[in-house]
Amino acid sequence: MTDSPPRARARATRRRGSDRGFNRVFRWIAVGSGVLILAVLAAVALFLLWQAWPALTAGSDELATAVPRYPEDTSFVAYVGPLVFGTLLAAILALAIATPLAIGIALFISHYAPRRLSQVLGYLVDLLAAVPSVIYGLWGFFVLAPFVVPIWSWLNEYLGWFPLFAGEASPTGRVLATVAIVLAVMILPIITAVSREVFLQTPKLHEEAALALGATRWELVRTAVLPFGRSGIISAAMLGLGRALGETMAVLMILSPGFLYSFHILDSAQHQTIAAYIALDFPEASGLAVNTLIATGLVLFVITLAVNMGARAIVARRKEFSGAN
Amino acid sequence: MNLSRFTRAGSAVAVGVLALSLAACGSDPEPADTAAGDDTADSTETGSAEDMESLSGQLSGGGASSQEAAMNAWRAGFQQMNPDATVNYDPVGSGGGRTGFGDGSYAFAGSDAALDEEELAAAEAQCGPGGVIEFPGYVSPVAVAFNLEGVDSLNLQPETIASIFLGEITQWNDEAIAADNPDAELPDTAITVVHRSDESGTTENFEEYLYSVAPDIWTEEPSGVWPVEGQESAQGTSGVVGAAQAGEGTITYADASQIADLGTVAVGVGDEFVPYSAEAAAEVVAQSPRTEGTSEYVYTIDLERDIAGTYPIVLVSYSLACTTYADEETAGLVKGFLTYLASEEGQQAAADAAGSAPLSDTIRQAVMPGIESISAG
């Protein structure tokens, strides 16, 4: 398990001895790629800060005159608040729908389906990721939204006591609940693909040990596969969350926007996400209005960064219990 | 993981397909072609571009996105007649078009609003005193459209329309609606207003209409952003039409050529109700008085919304140009292009492509001297 001294010394010699010729070139390419990605990230962050600065420092009166949708006498934080709320609510709902489904699909592919079927299914799920978001937007707008209208009004009528289903169900179906379904479909392939890979990595010894103790298939999954894959599932979900937070086109096309802190996901004109808001207002914006839009983009950037760092922290904390050793 | 590679390949394909289909729209020469064939006889009278030598070179303009569909037809028609000429139009929006025209980056521009004093001053600095040409090259009727089962057409007074869009009338069988429509079977469905979620000239124009005909009810100053909160909205004309089609009891306003199978409102003008038609929309522009006190070639109109027999909800979009340009090539191109744009065949091409209302002969005769005076110098 631990490196014996001779092996460690041998590795050190190998590293020193082989660092010339193409090895060196390759090392520089790798380092360069690493630096490049950091530089791009820094450039994006700097651009956002630099362009957002005029809006962040402007007074609320100034913003209210320049930005068409800016309410009078509100600070920038109060203005961007509902957008942040809408963005998070849409992404969390999508995640809540997609994660259990993705785990189910991944388990089916890795542990239940016959080999041939699992290959086909895995391929089909990957294919889902290849559909551009504008197609999901069109599908949501023309097919899903009209289709879910009766379902949403039923939920609203009979389960209206539940805060999420309260309010008045929209007759067009272009509400956050519909958006969440479309987002869930969009992030499903990412979560499924990553979880599937992780489940397939479950050590055979663990599985055989579980089976030897008389575990059924479900008990095998519960005692060996899921505990092993937990950190993998979390990072898969966070990858999905990142996409859901930033998704623009589908939200833009489906959602009937509003600017409220509202949990009424069946009601129209309640929510808006940051990305869709920028895409919607950018074409006619000029001057300070553009700066304000970029400032909302900066907020989204910060949120995404925070989500990813949070996910990293969770994964790192779980690593030692993952059973990979 | 190669997921993202697939995604990117997918979107590349989609973009490619989109580009192809757009190119197909843009270069469709048929409407312009047939129109040109019909009208050769009176081409001198209408000032057709065909009696000029073939032009060449590149011309750049930009502005109102509302003109885009018509502009594609005009570009196709013009480039058909002048195969060596290329006209570009950047649909950046009206404000961007006016700014770009004022600072000289566009040789011509389209705008949903007439130049204000400040913008006119900037434009005159670019074109020379009295050298700005402005005329309503694109007039597009805006329909009030609804989706209500079993009802194809409704008569609505302006006050009723304002109350509906404000959300004060909430049921289709409201007395105010029933009073003007004794024959219609009105259900007790709730009214769902669908407006544009993006900033739009159509919204501004519709608000201007409501503000001028029902000032007691619609008290909000017109702007490109819809003032009523908590209503359903969608992006773009196709968005509001799609949303209206998806829901029962919806009502919206949209470019009349795009409303598909939705029912339309016959709008109350004086004592009668005028259903939407291109002719009735063209009439309101023809009969409205020209703005007084403008320079010779600025033909802007003060839209009057209560002329009997005319359809009052129209989007009037102006074409902007200079009478003098620095070089011969640009001057020739602008002159040729605007001559075609204002000509009968050009207006017909726009009507076929974008459902716009053609320019009346009176206005054409008033603006042609300005276009003909375009020269280099």
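1. In strand 11 of chain B, B:Ser319 is the bridge partner of B:Gly110. This pairing belongs to a predicted model, and the strands around it are a good place to begin. B:Gly110 lies on the side of strand 3 (residues 108-111) of chain B, which is joined to strand 11 of chain B by three bridges, the two strands running antiparallel.

2. B:Ser319 has another residue opposite it, namely B:Phe135. Here the pairing is between strand 4 (residues 132-147) of chain B and strand 11 of chain B: eight bridges join them, and they run antiparallel.

3. How many of the nine residues of strand 11 of chain B are buried? The count is nine of the nine for this strand (residues 314-322), so strand 11 of chain B is largely enclosed by the rest of the structure. Its side chains can be sorted by direction. B:Val314, B:Val316, B:Tyr318, B:Leu320 and B:Cys322 point one way, while B:Leu315, B:Ser317, B:Ser319 and B:Ala321 point the other way. Residues on both sides of the strand are buried.

4. Strand 6 (residues 192-196) of chain B can be read in a similar manner. Five of its five residues are buried, so strand 6 of chain B is largely enclosed by the rest of the structure. Strand 6 of chain B runs parallel to strand 8 (residues 250-255) of chain B, with three bridges between them. Within this pair, B:Val193 has B:Ile251 of strand 8 as its bridge partner.

5. Strand 6 of chain B also runs parallel to strand 7 (residues 232-234) of chain B, and three bridges join these two. In that pairing B:His195 stands opposite B:Ser233 of strand 7. To get from strand 6 to strand 7 of chain B, the chain passes through helix 9 (residues 201-213) of chain B, and the resulting β-α-β crossover is right-handed. The reader can trace this path in the model.

6. For chain B, UniProt lists "domain: PBP" at residues 55-345, in an unreviewed entry. In the model this span is 34% helix and 25% strand. The C-alpha atoms at its two ends lie 18 Å apart.

7. Chain A is built from helices: there are twelve of them and zero strands. Written from the N terminus on, its elements read α-α-α-α-α-α-α-α-α-α-α-α. The C-alpha trace of chain A spans about 75 × 55 × 30 Å along its principal axes. Of its 325 residues, 39% count as buried.

8. The UniProt record, an unreviewed entry, places the feature "transmembrane region" at several stretches of chain A: residues 25-50, 76-109, 121-154, 174-194, 248-266 and 286-309. Two of these can be checked against the model. Residues 174-194 of chain A are 90% helix and 0% strand, with end C-alpha atoms 31 Å apart. Residues 286-309 of chain A are 92% helix and 0% strand, and there the end C-alpha atoms are 34 Å apart.

9. UniProt also lists "domain: ABC transmembrane type-1" for residues 84-311 of chain A, again in an unreviewed entry. This span is 75% helix and 0% strand, and its end C-alpha atoms lie 19 Å apart.

10. How do helix 7 (residues 176-200) and helix 9 (residues 217-246) of chain A meet, and at what angle do their axes cross? Their axes come within 8 Å and cross at roughly 150 degrees. That angle makes helix 7 of chain A roughly antiparallel to helix 9 of chain A. The crossing of these two helices is right-handed.

11. Helix 9 of chain A has a further neighbour to consider, helix 8 (residues 204-212) of chain A. The axes of helix 8 and helix 9 of chain A come within 9 Å and cross at roughly 155 degrees. Helix 8 of chain A is therefore roughly antiparallel to helix 9 of chain A. The crossing of helix 8 and helix 9 of chain A is right-handed.

12. A last point concerns a single residue, A:Ala52, which sits in helix 2 (residues 22-57) of chain A. Why does A:Ala52 count as buried? A residue is buried if 20 or more other C-beta atoms lie within 10 Å of its own, and A:Ala52 counts as buried because it has 22 C-beta neighbours inside 10 Å. The C-alpha atoms of A:Ala52 and A:Leu300 are separated by 12 Å, although these residues are 248 residues apart along the chain.

Notes: Residues numbered from 1 in each chain as written. Chains lettered and ligands numbered in written order. Predicted model: local features only at pLDDT ≥ 70, side-chain atom pairs only at ≥ 80, totals over all residues. UniProt positions renumbered as here; feature names shortened; annotations may be inferred. Helix = DSSP H or I, 4+ residues; strand = E, 2+ residues; numbered from the N terminus. Buried ≥ 20, exposed ≤ 12 C-beta atoms within 10 Å, placed from the backbone. Pairing = 2+ DSSP bridges. Right-handed = clockwise from strand over helix to strand, strands pointing away. Axes fitted to C-alpha atoms, helices over the stretch in contact; angles between N-to-C directions. Parallel < 35°, antiparallel > 145°, perpendicular 65-115°, else oblique. Left-handed = near helix turned anticlockwise from the far one by under 90°.
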